Amino acid sequence: MEILGNDQLIQVIFELHHNYLLPVSNLLAQNIEDPDILGQIQDAWYNFIDSGQVWALLMGTFFGYTFKGFTG
């Protein structure tokens, strides 16, 4: 058995750990294409307002509450 120097031993240990941990790190890590989370929330909110879905939500809430009053 060959005795390795400190530098070679550290390199071998690093390569073993790197090769062993690489698949785990790929499983845990995600590639984020657009890290601007607040910008995405803002765009979704403006889309919610501009598309009229907010009016559908309000009318559905109103009619649902009214219908509940008739049946309850």
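**Notebook: helices and surface patches**

I started with the fold: the protein chain has three helices and zero strands. Reading from the N terminus, I get the order α-α-α. Note to self: this is a predicted model.

Next I looked up burial. Of the 72 residues in the protein chain, just 3% count as buried. The accessible surface of the chain adds up to about 7,200 Å². Carbon and sulfur atoms own 66% of that surface.

Then I went looking for patches. Which residues form a nonpolar patch on the surface? I found W55, L58, M59, F62 and F63, which together have about 620 Å² of accessible area. I picked F62 for a closer look and placed it in helix α3, which spans residues 53-71. Is F62 buried or exposed? Its relative accessibility is 53%, and the cut-off for exposed is over 50%, so F62 counts as exposed.

The other patch is about charge. On the surface, E33, D34, D36 and D43 gather into a patch of negative charge. Where does D36 sit? I traced it to the loop between α1 (6-28) and α2 (37-50). I checked the exposure of D36 as well: its relative accessible area is 42%. Buried means under 20% and exposed means over 50%, so D36 goes down as partly exposed.

To wrap up the page, I have one nonpolar patch entry with F62 from α3, and one negative patch entry with D36 from the α1 to α2 loop.

Definitions and conventions
Residues numbered from 1 in each chain as written. Predicted model: local features only at pLDDT ≥ 70, side-chain atom pairs only at ≥ 80, totals over all residues. Heavy atoms only, no water. Patch = residues over 30% accessible without salt bridge, like charges linked within 9 Å, V, L, I, M, F, W, Y side chains within 5 Å. Areas by Shrake-Rupley, 256 points an atom, 1.4 Å probe, with all protein chains shown as cover. Salt bridge = Lys/Arg side-chain N within 4 Å of Asp/Glu carboxyl O. Helix = DSSP H or I, 4+ residues; strand = E, 2+ residues; numbered from the N terminus. Buried < 20%, exposed > 50% of the residue type's maximum accessible area, 1.4 Å probe, protein only. Lys, Arg positive; Asp, Glu negative; His and termini not counted. Charge placed at Lys NZ, Arg CZ, Asp CG, Glu CD.
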